[in-house]
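This report describes a pocket, a set of charged side-chain pairs and several residues classed by solvent accessibility. The sequence and the structure are shown first.

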Amino acid sequence: MTEENIEPHRPTAPLSDEAFARASARLRGVYMKRGYDADVRRLVDDLLAGTAAGREGRAILLAGRTGAGKSSIAGKALRDNAGLGEVGVDEVPVLSVVVPAPCTLKQLARQVARDLGYPMAGDPREHNAWERVRYLLADANVRILHLDEIQHITSTANAPEAVKVLNVLKGLMIDPRHPVSLLLSGLPEVIKFVEKDGQVRRRCHFVHVGRIASDENAVVADAVAAMAGKVDLKVPDDFLKVIVPRLVHAAEGQFGTAMDLAATAIERALVPRGDKGERLPPAASLDIRHFAETYQLRTGAPSFADPFTASDWKKIDVGLVLGRGAPEFKANGKGKG
């Protein structure tokens, strides 16, 4: 028997909580690049080149639907750039901030200060809070500020607030003492918000993260196979032809959602359950039933409305998986969504 034909050791007992946590971390650490990664990496390089030349800041806006993978693309571009480092290291510092929901300008200032390690005491006025933030960014030599889920502040801003938000973003980029470039990631409507101010629009590069293209099914298959391989699970021979199209449909074509559904399905294969709910030893292979169980538990959909079990799965409205609202399921087995 050749070495490549030797079956990996299969656990004969259920995984412990600790073993499951380690396996989950391994499989969820897999990252599969798409065409957007190279585009964003080049734009981040341009931001760094501008910093080195002493120019004012610029902005990159990654826009896409929920689950498109915007945050992952942004984070990967920042982590992989040799010229960038976290606050407190020798490289050009970058700070990533998740915009809280809902959010006001003052709340955002407080969050940035907190993530820099200097939470604000008391209740400062909005303009004082942002003066403090600009000082802290300069003191930490932050050159790129990543604001993730930026729609949390833009979507709730009325007309006067919108002007102030845009002025704050513009002020960070053109600060003569310490200009900061911005990497913004959010929903598609953020593009229209940014376009309200010509000066901000002129300084911004847009990357729209779209649906999984028809020729990207192989990328999805490779990503899932790589995740499964991290925990010694096989994928079935018909995975690309049978399961991947259903997975892409179940995720409404959003890459990040597809990866999350797949990771959860793999986790279910690692900790299968018996008839009484007891843990069983890990499965040897990933199966379509693991995806079906994941989808039904995630959405509450019955089997006839599950794209992994229904014969006419292409006709199923899967909006529930992304939280667009629950379809109405009738007791006679028919439903509308």
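A residue counts as buried when its relative accessible area is under 20%, as exposed when that area is over 50%, and as partly exposed in between. Aspartate 39, at 33% relative accessibility, is therefore partly exposed. The model discussed here is a predicted one.

**Salt bridges**

Side chains of opposite charge can pair when their charged atoms come close. In this model the count of salt bridges comes to 19. Three of these pairs are set out below, each with the distance between nitrogen and oxygen.

| Acidic residue | Basic residue | N to O distance |
|---|---|---|
| Aspartate 39 | Arginine 42 | 2.5 Å |
| Aspartate 80 | Lysine 76 | 3.5 Å |
| Glutamate 126 | Lysine 164 | 3.4 Å |

The pair of aspartate 39 and arginine 42 belongs to helix H2, which covers residues 35-52; the two residues are three apart, or about one turn of the helix. Arginine 42 has a relative accessible area of 48% and so is partly exposed, and its partner aspartate 39 has the value of 33% given above.

Aspartate 80 and lysine 76 are likewise placed within one helix, H3, with a separation of four residues, about one turn. For aspartate 80 the relative accessible area is 31%, which means that this residue is partly exposed.

The bridge between glutamate 126 and lysine 164 joins two helices. Glutamate 126 lies in helix H5 (residues 126-139) and lysine 164 in helix H7 (residues 159-174), so this pair ties together parts that are 38 residues apart in sequence. Glutamate 126 is partly exposed, because its relative accessible area is 23%. Lysine 164 is also partly exposed, with a value of 34%.

Beyond these pairs, a network of salt bridges links Arg28, Asp260, Glu267 and Arg298.

**The largest pocket**

The largest pocket has a volume of about 550 Å³. Its lining is made up of 27 residues, and those closest to the centre of the pocket are Gly69, Ser72, Phe255, Gly256 and Met259. Three elements give two or more residues to this lining: helix H3 (70-80), helix H10 (217-230) and helix H12 (255-270). Of the elements, H12 contributes the most, with six residues. By residue class, the lining of the largest pocket holds 12 nonpolar, nine polar and six charged residues. Helix H3 thus appears in two parts of this account: helix H3 contributes to the pocket lining, and the pair of aspartate 80 and lysine 76 lies in helix H3.

**Buried residues**

Serine 185 is located in strand S5, which spans residues 181-186. Its relative accessibility is 0%, so serine 185 counts as buried. Which residues are in contact with serine 185, leaving aside its neighbours within four places in sequence? They are Leu62, Lys70, His146, Leu147, Asp148, Glu149, Ile150 and Gln151.

Two cysteines may be considered alongside this serine. Cysteine 103 has a relative accessible area of 4% and is therefore buried. Cysteine 204 is buried as well, because its relative accessibility is 6%. A search of the whole structure finds zero disulfides.

Conventions. Residues numbered from 1 in each chain as written. Predicted model: local features only at pLDDT ≥ 70, side-chain atom pairs only at ≥ 80, totals over all residues. Heavy atoms only, no water. 1 Å grid on protein atoms, 1.4 Å probe; cavity = no way out; pocket = protein on both sides within 12 Å on 5 of 7 lines; lining within 4 Å. Points joined across faces, edges and corners; volume = space filled by probe spheres on them. Nonpolar A, V, L, I, M, F, W, Y, C, P; charged D, E, K, R; others polar. Disulfide = S-S within 2.5 Å. Buried < 20%, exposed > 50% of the residue type's maximum accessible area, 1.4 Å probe, protein only. Contact = heavy atoms within 4.5 Å. Salt bridge = Lys/Arg side-chain N within 4 Å of Asp/Glu carboxyl O.
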